[in-house]
Amino acid sequence: MTEGARTAGRPSLARAPVGVLLGTVTGVAGLALICLGWPALLVPAARPAARRVVARLAALERARLARWYGHESAGEGGLGFVAARALVGALAGYACFNALFLAVLLLLGGLWDLVLGGSEPVPVTLPGVRVVTSSGALGLTAGLAALTLTALLTLAAAALDRAVAARFLGPDRQERLRRRVAELTASRTGIVRAVDDERRRIERDLHDGVQQRGVALAMLLGRARHQIASDGAAPSEAGPARVAELIDQAYTESRRLLDELRGVAWRIYPTALDELGLRAALDGAAERAGVPVTVHYGLAGRPVSEVETALYFVAREAITNAVKHAAAHDILVVLSEDERTVSVAISDDGRGGADPAGGGLSGLARRVRALDGELSVHSPPGGPTRITATLPKAPPCG
């Protein structure tokens, strides 16, 4: 982001005085509205009209903030915003006006004395220094100091104006852009970390499961080949039976190897999710869980691919954690939606204590945040545990 973009939204000394002046007018109007119009809020019949007046004044404040301070916020404001702005506007205007009046008074007085020659000598004694100056010069110096103070008060009033607006209306466009850039940077780092974690998990599954099955199968086939070679050199009655037994064991081990491969492939990405949809993929995860899992599918249609994948992995990881770590006996998965978002909530009756910073849940949180979603984990010690992921129906733009 360039320096111009960073400073575009800050009030400058050229624009702040107009903003403060207009803010003083609207602040006095807000005080008058609050002091004289608050009884209307107590009368039910007059409340709509009073709220319309408050809304119009809030709209004027938002227009002033956008025009003179560059603060373009998405909030509407209300009575609290109008009240806070009225107090800040009136006090800031009073302080700036008094400082400006004092500066003008001192500057004009000093100039008057210097032009007409009516200045009188004024001794100024400082520690170790004694200076004699004229009243006109002293007035000009004090006037310039007061003018500087007025400029500082004006900038401070403008900054306070923006702070009140940020508190009640939300951050401005520049601040929202800065936060969005920070979120995207964090999510990008999180995605890279999640991919690395997934690769390590796949490698661990292949090493601990598939590779061990492959080694066992190779050993059984090697023993069978050795037995066949031994029978060829020195036939025995038990030789064919032993070979048949080894081949049966190898066949059983090959079936286990295929099951391991299918399990690893399913954990990487289930084909049912693409071919049959989220409901079928979750039904498959429920069947593999080993404990009763109830799925309530409340979605009218299929979510977009990115959101559907995230919902599936959140539900599957939560089911796996509940079975492996929480000793759950009953798991409930509920999918719901509204106009803008789709959610999945997984509840179990396990012993709780799930750590959101753990490898599995933190990876899910990064995946969900990458889609502008939110993941919440409520898992007190002793249970129950509830994990909820909420994602927008439309994926974020690149």
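## A lysine at the edge of burial

Let's start with one side chain: Lys393 counts as partly exposed, because its relative accessibility is 33% and that class covers the range between under 20% (buried) and over 50% (exposed). Keep in mind that this is a predicted model.

Lys393 has a partner. Its side chain meets that of Glu337 in a salt bridge, with 3.1 Å from N to O. Lys393 sits in the segment after strand 7 and Glu337 in strand 4, so the pair ties together parts that are 56 residues apart in sequence. Glu337 is partly exposed too, with a relative accessible area of 33%. In general, side chains of opposite charge can pair when their charged atoms come close.

## The sheet behind Glu337

Strand 4, the home of Glu337, belongs to an open sheet. That sheet has five strands in the order 3-4-5-7-6, and the pairing is mixed. Which strands sit at the edges? They are strand 3 (293-297) and strand 6 (374-378), and each of them pairs on one side only. On average, neighbouring strands here are turned by 10 degrees against each other, if you ignore direction.

Now look at how strand 3 meets strand 4. The two run parallel, and five bridges join strand 3 to strand 4 (residues 331-337). One place to look is Tyr297, which stands opposite Leu335 in strand 4. As background, strands of a sheet pair through backbone hydrogen bonds, either parallel or antiparallel.

## Helices packed on the sheet

Two helices are worth finding next. Helix 9 (residues 278-289) packs on the sheet and touches strand 3 and strand 4. The direction of helix 9 makes about 170 degrees with that of strand 3.

Helix 10 (residues 305-324) packs on the sheet as well, touching strand 3, strand 4, strand 5 (341-348), strand 6 and strand 7 (385-392). Compare its direction with that of strand 5, and the angle is about 10 degrees.

## A network of charges

How many salt bridges are there? The count comes to six. Some of these charged residues form a group: Glu61, Arg64, Arg85 and Asp161 are linked in a network of salt bridges.

Asp161 is a good place to explore that network. Its side chain meets the side chain of Arg64 in a salt bridge of 2.8 Å, N to O. Asp161 lies in helix 5 and Arg64 in helix 3 (residues 47-69), so this pair ties together parts that are 97 residues apart in sequence. Are Asp161 and Arg64 buried or exposed? Both are buried. The side chain of Asp161 also forms a salt bridge with that of Arg85, at 2.5 Å from N to O. Arg85 lies in helix 4 (residues 79-116) and Asp161 in helix 5, so here the parts tied together are 76 residues apart in sequence. Arg85 is buried, just as Asp161 is.

## Thr150 and the annotated spans

Staying with helix 5 (residues 135-169), you'll also find Thr150 there. Thr150 counts as buried because its relative accessible area is 7%, and the cut-off is under 20%. A polar atom of the Thr150 side chain lies 3.2 Å from the backbone oxygen of Ala99. Leaving aside neighbours within four places in sequence, Thr150 is in contact with Cys96, Ala99, Leu100 and Ala103.

The UniProt record (an unreviewed entry) places the feature "transmembrane region" at residues 20-43, 91-112 and 132-160. In the model, the span 91-112 is 100% helix and 0% strand, and its end C-alpha atoms lie 31 Å apart.

Note on methods:
Residues numbered from 1 in each chain as written. Predicted model: local features only at pLDDT ≥ 70, side-chain atom pairs only at ≥ 80, totals over all residues. Heavy atoms only, no water. Pairing = 2+ DSSP bridges. Helix = DSSP H or I, 4+ residues; strand = E, 2+ residues; numbered from the N terminus. Axes fitted to C-alpha atoms, helices over the stretch in contact; angles between N-to-C directions. Contact = heavy atoms within 4.5 Å. Buried < 20%, exposed > 50% of the residue type's maximum accessible area, 1.4 Å probe, protein only. Polar contact = N/O pair within 3.5 Å; in protein donor to acceptor, adjacent residues only side chain to side chain. Salt bridge = Lys/Arg side-chain N within 4 Å of Asp/Glu carboxyl O. UniProt positions renumbered as here; feature names shortened; annotations may be inferred.
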